[in-house]
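Please prepare a short briefing on the structure shown below. It should cover the main pocket, the nonpolar cores and the confidence of the model.

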Amino acid sequence: MLSKIGFEMRFCKDLGRIMIVAVLGLLAGFAPCHALSAVHIDQSGHWVNLPASPRRLVTMAASLTEMVFALGLGDRLAGVEQFSDYPPAVRELPKIGSYKLPDLERIVALRPGLCLAIKDGNPPHILARLRGLGIPVYVVDPRDLKGVIATIREIGGLLGAADRADALAASLTRRHQRVRDLAARAARRPRVFLQIGVSPIVSAGSHTFLDELITTAGGLNLAAGKVPYPRFSQEQVLALQPEIIIITSMSRGAAFAQVKAGWERWETLPAARNHRIHLVDSDIVDRPSPRLLDGLEMLLRLIHPELAGELP
């Protein structure tokens, strides 16, 4: 009897959700001035009513700006997050503040038809305020390379560019698989320490984009573990005896060279003895954008140079 009641409650709940979606879809279809609008559920579980192929976009993270440009839709951007710097054309666009501290008034003044936001970074209360003002907000939450590729398809569909998105996603998937196949042929996995913070020394643990890139490219991430971004002392790094050190930091200019020179002084360090300490551009390894595939291929070249000749 109880199981039957439970089944009926679940059935009613599911039926109710289906009816709500149907009603909202009908309302969207008959909404004035928004022909062919539709209801979508974003990656954070919020319902978003959007017209087909919305114009006047605001991107609230640099990775989303890159996705829109990669889809060939940069001309729709009315405003972008302040650290958006790729491609170069984006530098001329109005800025809406940082992803952590977006400027609500500036966003509203741009009259966006859609704000693209990211769950891991954009303040929920700001997104709620935008929704309350009638501005559609679509939140994405990619957690790995496959998630980034799926998000590109999703955004392309929202913006009426499904064909472009499918073509881009297919290309990125092929590149991802090519690196996986090459790394699988490696005789061993070299020990890799990736440094993303200068002072203190910070690395990337398991279940991060950086860990996935290192692992997929055939390396052994020495910082793997439960802590997403663990801290290390210099002594701890030396004790780990990394064969490869990769330095990527949001600090620019001399900071890179100084950190590299500091590690190179330690002759007991395998990475120093074998001249395998590398500086890399942080933007291509820590932004969940299409350029993560550039970062993945670069890491394969650094970790397994013997296999890199087979990359395009």
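**Briefing: pocket, cores and confidence**

Helix α11 supplies the largest share of the lining of the largest pocket, three residues. The model is predicted: local features need pLDDT of at least 70, side-chain atom pairs count only at pLDDT 80 or more, and totals for chains, interfaces and linings use all residues. Residues are numbered from 1 along each chain as its sequence is written, and side-chain values use heavy atoms, with hydrogens and water left out.

**Largest pocket**
- Its volume is about 1,200 Å³.
- A pocket is, on a 1 Å grid over the protein atoms alone, an open set of points where a 1.4 Å probe fits, with protein on both sides within 12 Å along at least five of seven lines; lining residues have an atom within 4 Å of a point.
- A volume is the space filled by probe spheres set on the points, which are joined across faces, edges and corners.
- Of the 32 lining residues, Tyr99, Tyr229, Asp286, Arg287 and Pro288 lie nearest the centre.

**Nonpolar cores**
- The largest nonpolar core (buried Ala, Val, Leu, Ile, Met, Phe, Trp, Tyr and Cys residues joined through side-chain atoms within 4.5 Å; buried means under 20% relative accessible area with a 1.4 Å probe, protein chains only) has 55 residues.
- Helix α12 (residues 292-303) gives the most to this core, eight residues; helices are DSSP runs of H or I with at least four residues, numbered from the N terminus.
- A second, separate core has 16 residues, among them Leu222 and Ile277.

**Confidence**
- The average pLDDT, the predictor's confidence in each residue from 0 to 100, is 88 for the protein.
- Residues 1-35 have a pLDDT below 50.

Terms used
Buried means under 20% relative accessible area, exposed over 50%, partly exposed in between (1.4 Å probe, protein chains only). Helices (H or I, at least four residues) and strands (E, at least two) are DSSP runs, numbered from the N terminus. Contact means heavy atoms within 4.5 Å.
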